[in-house]
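Biologist: Hi! Could you walk me through this one?

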Amino acid sequence: MRISVAVFCAGLVMAASGSDAVDRGFEDVTQTAGIAHKHTNRSFKNAYAAIMEGYTALGAAAAVADFNGDGLDDLFVTDSQESGKNRLYRNNGDFTFSDVAERAGVANGNDAENASSDALWFDYDNDGHPDLLVLRFGHNQLFHNLGNGAFRDVTRRAGLDRSMNAIAAVAFDYDRDGWLDLFIGSYFQPVNLFRPATPRFFPENFETANNGGGVTLFHNSGNGSFTDATEKAGLKTSGWTLDLGHADADNDGDDDLYVACDFGTDRFFVNNGDGTFSDMTEKAIGIDTKKGMNVDWGDYDGDGFLDVYVTNITDDYMREGNFLWHNNGNLSFSDVSRETGTYDSGWGWAGKFLDYDNDGWLDLYVVNGWVSAGKENYVPDIFEMIVRPGVDLADARNWPPMGNKSLSGYQKKKLFHNEQGQIFTEQAARHGLDSVRDGRGIAVADFDNDGRLDLFVTNANSEPFLYRNTLPAGSHWVEFLLQGAKSNREAVGAQVRLTAAGRTRLSFVNAGNGFASQSTRRVHFGLGSGKTIESVEIRWPSGARQLFRQLQPDRIYRIAEGSAAARHFTAKGVKK
């Protein structure tokens, strides 16, 4: 990878200039927006509670969708404590939100044997209303959106009522039959974590554990139900899944799957186009022994192929480093994290591609931190366990209780600014995004429809952050909201290629990429100083292609598959 001297020097100057160079780019509006409700970790009441609570400090998740169809992105946020309420924040259009979860019937996701861990919006029945899947340690919940502000629990009818200990989910139409299928990643095996019958449910190895929950594929039957197609599709795994990410890695029209696994190798599955996948891990990325926690796809260097960002652990005692997998265009990837400056983000969790300053290049925001507690360090306890001869790591009784000790806590978050696709410079403090809370998920959306991407960050056992993008509005932008016809209604998997100022950029519609978070379904492009859009090509999951020329910037367009027009829509909060 070649880095020009000019770009490298420019990056160093920007990094050194600090907060005096520009005004702070984001404003913390959590309190005024009305969404400052604290996430609380699950406490256990079984014989292994003192051990489990440190290792299950998860479940702070957020998912974005316009659930009521008013043109404004709304937000679903999980809690994890027993009887804790999940929140459905309706966007009021003035950067305030109202919690309507109780009224909608989606607040109750936590009880004695279920703890909310993640959430996913996807229109499984193609009726134009996004439905809500709540993942849980225990049994998942599927809520059908009735279109009137209310939801109905259809979990059992859909065939999803089973113990899974799920932690991640994405939805895409892997067989291109017009219906969104569901991919669920599970951390633990389907044991009852709240009343375990055996103590042997922890990872058997720190580097090659294969006693986790793996991946489950639910094929959408098109009649409101799903069937387990995991083995038939070739996706049977047993790793400790932490995240899933889908994208069309080889531009052949169907989406492929990256699986981030804790305590063992990540996996990369190529879609064969016939309803099956091939495990191409060794050829594509190689076999690793790291702790993969996040998957996000984006074309960071503008070469027309989607790249992958995976977070791992980088700390004083375990320097694994993140992966920035550069897509070589032949179903192989090269890790360029060191060369680009994105290698070290601490104990990484969610990492999201976004063009936060609308300069036309995808930046990266990464949250981190495991457990921030007392002054004592938990690391010596781990080492003492590891060096004991013959220790059975799968037995939870052998893992030392964390108590009030810290492990990779109080870490500052990272905002990597993309310097023309070659290197990244760290800008989090400069823009007010360097919190030290234990971050988990990042939901990216344009909540006020002003063309600048905002951030909602979840924190384990703490209040979230809502960051409003307040950068000067001088750079131009455009957003696309796609609607499938022959393709799935939400157009998940559709690729958008935009050409402006002689340069073509690639993005796509995804459903669920990024740890503990789902971002907006809209496709956003920053245009920098460009005032004209030469062309926009859409490649739909059905295989259809459409081309639009000479669109105007600084607008949100709604495009229906097969329609000859790209329509500018004005929603509540949008000024024409």
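Modeller: Happy to; we can go through the core, a few single residues, and then the cavities and pockets. Keep in mind that this is a predicted model.

Biologist: Let's start inside. Which residues touch the most other members of the largest nonpolar core?

Modeller: Those are Phe-122, Leu-133, Leu-182, Phe-183, Tyr-365, Phe-480 and Leu-482, in a core of 115 residues. Strand β10, residues 166–172, gives the largest share of this core, with seven residues. Another core, of 19 residues, lies apart from it, and Ala-260, Leu-306, Val-308 and Phe-508 are among its members.

Biologist: Is there a general reason why nonpolar side chains would be buried together?

Modeller: There is a general tendency: in soluble globular proteins, nonpolar side chains tend to be buried together.

Biologist: Back to Phe-480, then. What does Phe-480 touch, leaving out residues up to four places away in sequence?

Modeller: Phe-480 touches Val-496, Leu-498, Arg-522, Val-523, Phe-525, Val-536, Leu-551, Tyr-557 and Ile-559.

Biologist: Leu-551 is in that list. Where is Leu-551 found, and is it buried or exposed?

Modeller: Leu-551 is found in strand β35, residues 545–551. Leu-551 is buried, with a relative accessible area of 11%. Not counting residues up to four places away in sequence, Leu-551 touches Phe-480, Thr-532, Ile-533, Val-536, Tyr-557 and Ala-566. As for Ile-533, it is 18 residues apart from Leu-551 along the chain, and their C-alpha atoms are separated by 5.4 Å.

Biologist: Nice. What about Arg-558: which strand does it lie in?

Modeller: Arg-558 lies in strand β36, residues 555–560. Arg-558 counts as partly exposed because its relative accessibility is 35%, and partly exposed covers the range between 20% and 50%. The C-alpha atoms of Arg-558 and Leu-481 are separated by 4.8 Å, with the two residues 77 apart along the chain. Beyond residues up to four places away in sequence, Arg-558 touches Leu-481, Ala-565, Ala-566, Arg-567 and Phe-569.

Biologist: Changing topic to the backbone. Which sign of phi do most residues other than glycine have?

Modeller: Most residues other than glycine have a negative phi. Here, Arg-176 has a positive phi of about 55° although it is not a glycine. Leu-331 also has a positive phi, of about 65°, and is not a glycine.

Biologist: Where is Arg-176 found, and where is the place of Leu-331?

Modeller: Arg-176 is in the loop between β10 and β11, the latter being residues 181–186. Leu-331 is in the loop between β20 (323–327) and β21 (333–335).

Biologist: And how accessible is Arg-176, and how accessible is Leu-331?

Modeller: Arg-176 is partly exposed, at a relative accessible area of 35%, whereas Leu-331 is buried, at 15%.

Biologist: Let's look at a helix. Which residues of α9 are buried?

Modeller: In α9, residues 379–386, the buried residues are Val-379, Asp-381, Ile-382 and Met-385. They lie on the same side of α9, because they cover an arc of only 160° around the axis.

Biologist: I noticed Ser-345 too. Where is its place?

Modeller: Ser-345 is in the loop between α8 (337–340) and β22 (348–354). Ser-345 counts as buried, with a relative accessibility of 0%.

Biologist: What polar contact does the Ser-345 side chain make?

Modeller: The side chain of Ser-345 makes a polar contact with the side chain of Asn-322, at 2.8 Å. Leaving aside neighbours within four places in sequence, Ser-345 is in contact with Asn-322, Tyr-309, Val-366, Asn-368, Gln-411, Lys-414 and Phe-416.

Biologist: Last topic, empty space. How many cavities of 30 Å³ or more are there?

Modeller: A search of the whole structure finds four. The largest cavity has a volume of about 480 Å³. Its lining has 31 residues, and Phe-353, Leu-354, Leu-362, Ser-507 and His-524 lie nearest the centre.

Biologist: Which strand supplies the largest share of that cavity lining?

Modeller: That is β31, with five residues. At least two lining residues come from each of β18 (296–298), β22, β31 (503–508) and β33 (523–528).

Biologist: And what volume does the largest pocket have?

Modeller: The largest pocket has a volume of about 510 Å³. It is lined by 29 residues, and the closest to its centre are Asp-66, Gly-128, Pro-130, Leu-481 and Arg-521. Two or more lining residues come from β2 (62–65) and from β29 (476–483), and β29 gives the most, with three residues.

Biologist: Great, thanks for the tour!

Technical notes
Residues are numbered from 1 along each chain as its sequence is written. This is a predicted model: local features need pLDDT of at least 70, side-chain atom pairs count only at pLDDT 80 or more; totals for chains, interfaces and linings use all residues. Side-chain values use heavy atoms; hydrogens and water are left out. A nonpolar core is a set of buried Ala, Val, Leu, Ile, Met, Phe, Trp, Tyr and Cys residues joined through side-chain atoms within 4.5 Å. Buried means under 20% relative accessible area, exposed over 50%, partly exposed in between (1.4 Å probe, protein chains only). Helices (H or I, at least four residues) and strands (E, at least two) are DSSP runs, numbered from the N terminus. Contact means heavy atoms within 4.5 Å. The arc is that of the directions from the helix axis to the C-beta atoms. A polar contact is a pair of N or O atoms within 3.5 Å; within protein, one must be able to donate a hydrogen and the other to accept it, and residues adjacent in sequence count only if both atoms are side-chain atoms. On a 1 Å grid over the protein atoms alone, a cavity is a set of points where a 1.4 Å probe fits but cannot get out, and a pocket is an open set with protein on both sides within 12 Å along at least five of seven lines; lining residues have an atom within 4 Å of a point. Grid points are joined across faces, edges and corners, and a volume is the space filled by probe spheres set on the points.
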